[in-house]
Amino acid sequence: MVIGDIQDDSLGRGHDNRALNREWVEVKNTGRHAVNLRGFTLSDRDGNRYRFDHRRLGGRSNVKVHTGQGRDTDRDVYQDRRHQIWDERDTATLRDDRGRVIHTETWGRSNHHGHHDNHHR
């Protein structure tokens, strides 16, 4: 289980639901076997935390965790927040149902070219 692509909507900075849902973090199951995400959490550097409910993530598949409101599907889940939580520089942390850190991803550090790309990796 890893954190995959990340899109923060720092360019838009909108607070309507569409803008909030342009902001997402992808959780990928890189293994061959399905994983039940119940109790897994995804949190930011400020301690905002999203807890997955009963959700089976198939082998070699992924789910995008959107910030705003929407109807959860196999590929997309929604935190139902009214404000953006991911910053231009932030860290996403994925923990399992026992609170153990599985993977972290940090972005927003300037790279060697002197600029950074928000739509990275």
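Helices (H or I, at least four residues) and strands (E, at least two) are DSSP runs, numbered from the N terminus. This is a predicted model, with pLDDT of at least 70 needed for local features and 80 or more for side-chain atom pairs, while totals for chains, interfaces and linings use all residues. Residues are numbered from 1 along each chain as its sequence is written, and side-chain values use heavy atoms, without hydrogens and water.

**Exercise 1. State the pattern of helices and strands along the sequence.**

Step 1. Count the elements: one helix and 10 strands.
Step 2. Read them in sequence order: β-α-β-β-β-β-β-β-β-β-β.

**Exercise 2. Describe the open sheet and find its edges.**

Step 1. Apply the pairing rule: two strands pair if DSSP finds at least two bridges between them.
Step 2. Write the order. Four strands give E1-E2-E7-E8, with mixed pairing.
Step 3. Find the edges. Strand E1 (2-7) and E8 each have a single partner strand, so one side of each lacks a neighbour in the sheet.
Step 4. Add the twist: it averages 25° from one strand to the next. Axes here are lines fitted to C-alpha atoms, for helices over the stretch in contact, and angles run from 0 to 180 degrees between N-to-C directions.
Step 5. Look at E2 (residues 24-29) and E7 (residues 61-66). They run antiparallel and share six bridges. Asn29 has Ser61 in E7 as its bridge partner.

**Exercise 3. Classify the aromatic pairs.**

Step 1. Set the cut-offs. Rings of Phe, Tyr and Trp (its six-membered ring) pair if their centres lie within 6.5 Å; planes under 30 degrees apart are stacked, over 60 edge-to-face, the rest tilted.
Step 2. Count: the structure holds two aromatic pairs.
Step 3. Take Tyr50 and Phe52. At 5.0 Å centre to centre and 80° between the planes, the pair is edge-to-face.
Step 4. Take Trp86 and Trp107. Their centres are 5.7 Å apart and their planes at 50°, so this pair is tilted.
Step 5. Place the tryptophans. Trp86 lies in the loop between strand E8 (76-78) and strand E9 (90-95), and Trp107 in strand E10 (residues 101-107), so the pair ties together parts 21 residues apart in sequence.

**Exercise 4. Decide whether the paired rings belong to buried or exposed residues.**

Step 1. Buried means under 20% relative accessible area, exposed over 50%, partly exposed in between (1.4 Å probe, protein chains only).
Step 2. Tyr50, at 10% relative accessibility, is buried. Phe52, at 2%, is buried.
Step 3. Trp86 and Trp107 are both buried.
Step 4. Set this against the whole protein: buried residues make up 44% of its 121 residues.
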